[in-house]
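Biologist: Before we begin, could you take me through this protein step by step, and tell me each time what a term rests on?

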Amino acid sequence: MASTYSLPPLPYAYDALEPSISKQIMELHHGKHHQAYVTNLNAALQSYAAADVAGQIALQQAIRFNGGGHINHSLFWENLAPAGSPDADLAAAAPQLAAALAKQWASVDAFKKAFAAALLGLQGSGWGWLVKDAHGLRIITTKDQDPVVGAEIPVFGVDMWEHAYYLQYFNGKAAYIENIWKVINWKTAERRFVGGRDDVFKALKASI
């Protein structure tokens, strides 16, 4: 029997991230877009379980796309917090991560500039991630809804699909990126930074 996934509730109200991310965007992004990934993933998994080998091969792309959309968004909601909250204070909420960022990029501001450059360099839709691997911290991007895989641990990610910002920022991606720093949940980022992949994906498993 195929697993059934559900839309995870947000840990804050739809308007809690304003003015960085508007209530309208959050309602559409979470309630419509993420829900569609969950619905389509469940449908694809059901079909996969009933299909023959050829049918299962044909369904793999749908599972990867919608499964990645569910994974990425579930991690994204967790790594956001209302501006001005204790969790959004890098120095207080993530002292170990802050020190690692400053060590690797010379300063936190230099890291933010490098991260923004990676996000703005994305062609089409995708995600930007700060990940941890055996060699330390790295900035990577993933295409469409591809999730972070392998031994890399996603510390936090930023959705660069147009549905994440266009209603509020139009084509002003740089302004969206500048304001997203105000609502990063550094407490969650710290937990992911000091933990392993199992710790990161623990909340996601609860949505099954």
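Biologist: How many bridges join β1 to β3, and what is the sense of their pairing?

Modeller: This is a predicted model, and in it six bridges join β1 to β3, which run antiparallel. Two strands count as paired when at least two bridges are found between them, so β1 and β3, with six, qualify as a pair. Leucine 130, for instance, stands opposite phenylalanine 156 in β3.

Biologist: What makes β1 and β2 a pair?

Modeller: The requirement is again at least two bridges, and strand β1 (residues 126-133) pairs with β2 over eight bridges, in the antiparallel sense. Within this pairing, valine 131 has arginine 138 in β2 as its bridge partner.

Biologist: Why are β2 and β3 said to stand at the edges?

Modeller: The three strands form an open sheet in the order β2-β1-β3, with antiparallel pairing. β2 (136-143) and β3 each have a single partner strand, so one side of each is left without a neighbour in the sheet. Neighbouring strands of this sheet are turned against each other by 20 degrees on average, if direction is ignored.

Biologist: What makes you say that β3 is largely enclosed?

Modeller: A residue is called buried when its relative accessible area is under 20%. Seven of the seven residues of β3 are buried, and therefore the strand is largely enclosed by the rest of the structure.

Biologist: Which helices lie across the three strands, and at what angles do they run?

Modeller: Helix α4 (residues 95-105) lies across β1, β2 and β3 and runs at about 85 degrees to β2, while helix α8 (residues 186-194) also lies across these strands, running at about 145 degrees to β3. Tryptophan 186 is in contact with Leu97, Leu101 and Phe156, among others, when its neighbours within four places in sequence are left aside. Trp186, Leu97 and Phe156 are also among the residues that touch the most other members of the largest nonpolar core, which has 53 residues.

Biologist: How do you know that the span of α1 agrees with what is expected of a helix?

Modeller: At 1.5 Å a residue, the 28 residues of helix α1 (residues 23-50) should span 40 Å, and because its end C-alpha atoms are 40 Å apart, the two values agree. The helix nevertheless has a kink of about 30 degrees, centred on histidine 29.

Biologist: What do the buried residues of α1 pack against?

Modeller: They pack against α2 (53-78), β3 (153-159) and α6 (166-169). His29, the centre of the kink, is one of the buried residues of α1, which also include Tyr37 and Leu41.

Terms used:
Residues numbered from 1 in each chain as written. Predicted model: local features only at pLDDT ≥ 70, side-chain atom pairs only at ≥ 80, totals over all residues. Heavy atoms only, no water. Helix = DSSP H or I, 4+ residues; strand = E, 2+ residues; numbered from the N terminus. Expected span 1.5 Å × (residues − 1). Bend = angle between axes of the 7 residues up to and from the residue. Buried < 20%, exposed > 50% of the residue type's maximum accessible area, 1.4 Å probe, protein only. Contact = heavy atoms within 4.5 Å. Axes fitted to C-alpha atoms, helices over the stretch in contact; angles between N-to-C directions. Core = buried A, V, L, I, M, F, W, Y, C linked by side-chain atoms within 4.5 Å.
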